[in-house]
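Reader: Could you walk me through the labels attached to this structure? I would like to see each value set beside its cut-off.

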Amino acid sequence: MSYFALAPTPSNSGADSPGSSVFDLPIQPGQPKATPDKHSRTVTGQSTELLQPTSQDETSFVVISGGTGCNSICSAFGRSASYILPVSDDGGSSSEIIRVLGGPSIGDIRSRLVRLIPNADPSSPLEAIRNLLAYRLPANCTEREARDEWRDIVEGRSRLWTGIPNDRKEMIRGFLVYFESEILKRAHKNFSFVNGSIGNYFLSAAQAFFRSLPSAIFLFSSITNSQANILPVIVTNHTVTIAAELENGERLVGQCEISHPVRQAPRIDISTESEPGSPVDALDGTLPRARNVLFQSEGKHQYEPLNARITRLFYINAYGNEIHPSPNPDYLSSLSRYDVLVYSCGSLWTSIIPCLALKGVANAIARSRSLRAKVLLLNSANDRETDGYAAVDYIQTITRTLNDGHHARVYGGLSKADTTYPVSAFITHMVYLKGTGVEVDVPSITAMGVRCVEVEGSIDERTKLPQFDASCVARAIGSILDSMREE
């Protein structure tokens, strides 16, 4: 087989092979075609096949999302999807890695990488690798118990290695050993393995070894035979921190404090000075971190409301100064080559907005010649970040963020001249669930140039609210694309 045959043949999905060779990875499909839609539409009823592009004529997607909000609907976007993920989450297993080792947050990326591992036979090596990289050490145990289990894994004795061929095992274990060595170099920081994600440890070790998060993602995809095209919104080896400003002037630092505060975290003073010498893009350094912030996603619908609404979100460096990092160039490039942009369901201010509050993103979305539809999947319920929001507020938040410019202040009496785009330059369609808990004023939204599509989703057994699934998202997007072809 030629080393230049980067894509597997259609007759062999590779599900039974972990894809140990980097040459097994598929290349990104070519440029599919698509086109804009009708007024308010309702999509219900018969099930439609999920969108699974298999040729260069299929629709391609740029999906902006967080780590968990989009996981259940990934199959709606087929294989021609580019997933844009933030690197600013400071909770869960990532919080402890950042506290001790620094670096960008990789928890959301690992979650999506694991989700996009191809289905395989339960007894296959690929399934064994999935189980290992998806495994999380117990949250309800002592530190000694967690360390003992980690020791069994890193020394190759754990049952989790069963079924993994020795060459793959030793490669994966090598990076876990590297992670262990980096932790031991910082033994005075007392790293906690409680609730630790093995996939996070592997990805963090690969990022530190290569000094490149994209390279670490490539390695993870290679050993899992993943078809995923996952792009961190910012390419950096430093810790990324977001902050939010509220209507009452209060400022919150870090995703956890904004979205789901778990415990009293160290407060950081955010500098309001705009000195010419202050850093513009520098992300180096880390803010003081709370230890091993454990957050249970089941508690997200039970929250203490913010003291006021969020007015804007921005990035800060280790000194509390606002900075203006550059987005991943591949992110901007994808916006000029793909057919459909999707703002996924999930946390608006801490998952979606961090991918938009970057210089150059607004122009890339608004001026794209390839994007035919720009679709917002509206959450079925509000959370701490969006308490009291109606659908119009979601749309206005995205539009206002993109129109803000996100430039560093220019000195010498000059300033940036930014174009203010209409709502429809950023969002052309909004998909919402029948029975949603978020108010949807269809006439007002339509007057903004956004066309509404209602779909019927499944019911969440815990909250009793409708939720998106891959099938209803595929139906909605299919309806939008059909309408675009009719015009």
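**Labels and their cut-offs**

Author: Happy to! Let me begin with a charge and a ring: Arg312 lies over the face of Phe314, at 4.2 Å from the ring centre. Before going on, please note that this is a predicted model, in which local features need pLDDT of at least 70 and side-chain atom pairs count only at pLDDT 80 or more, while totals for chains, interfaces and linings use all residues. Residues are numbered from 1 along each chain as its sequence is written, and side-chain values use heavy atoms, with hydrogens and water left out.

Reader: What makes Arg312 count as lying over the face of Phe314?

Author: The rule asks for NZ of Lys or CZ of Arg within 6 Å of the ring centre and within 35 degrees of the ring normal. For Arg312 and Phe314 the distance is 4.2 Å, so the distance part is met.

Reader: Why is the pair Phe193 and Tyr201 called edge-to-face?

Author: Rings of Phe, Tyr and Trp (its six-membered ring) pair if their centres lie within 6.5 Å; planes under 30 degrees apart are stacked, over 60 edge-to-face, and the rest tilted. By this rule there are 18 aromatic pairs. Phe193 and Tyr201 have 5.9 Å centre to centre and 85 degrees between the planes, so both numbers fit the edge-to-face label. Tyr421 and Phe426 are edge-to-face too, because their centres are 5.6 Å apart and their planes are at 75 degrees. Aromatic residues also form a cluster made of Phe175, Tyr178, Phe202, Phe209, Phe210 and Phe220.

Reader: How do you know whether Phe193 is buried or exposed?

Author: Buried means under 20% relative accessible area, exposed over 50%, and partly exposed in between (1.4 Å probe, protein chains only). Phe193 has 2%, so Phe193 is buried. Its partner Tyr201, with 1%, is buried as well. In the other pair, Tyr421 has 12% and counts as buried, and Phe426 is buried with 0%.

Reader: What makes Glu182 and Lys185 a salt bridge?

Author: A salt bridge needs a side-chain nitrogen of Lys or Arg within 4 Å of a carboxyl oxygen of Asp or Glu. Glu182 and Lys185 meet at 2.8 Å, N to O, so they qualify. Their spacing is about one helical turn, because they are three residues apart in helix H5 (residues 166-185). Helices (H or I, at least four residues) and strands (E, at least two) are DSSP runs, numbered from the N terminus. Glu182 is buried at 11%, whereas Lys185 is exposed at 60%.

Reader: Which other salt bridge lies within a helix, about one turn apart?

Author: Arg485 and Asp482 are both in helix H14 (residues 470-486), three residues apart. Their N to O distance is 3.0 Å, and Asp482 is partly exposed at 42%. Elsewhere, salt bridges that share partners join Arg151, Asp152, Glu155, Arg157 and Glu180 into one network. Within that network, the closest N and O atoms of Arg151 and Glu155 are 3.8 Å apart. Arg151 is partly exposed at 34%, and Glu155 is partly exposed at 38%. The count comes to 17 salt bridges.

Reader: Why is helix H3 described as largely enclosed by the rest of the structure?

Author: Seven of the nine residues of helix H3 (residues 125-133) are buried, so the label follows. Among them are Leu126, Glu127 and Arg130. Their cover, counted by contact (heavy atoms within 4.5 Å), includes helix H2 (107-115), helix H4 (143-154), H5, helix H6 (198-210) and helix H7 (213-223).
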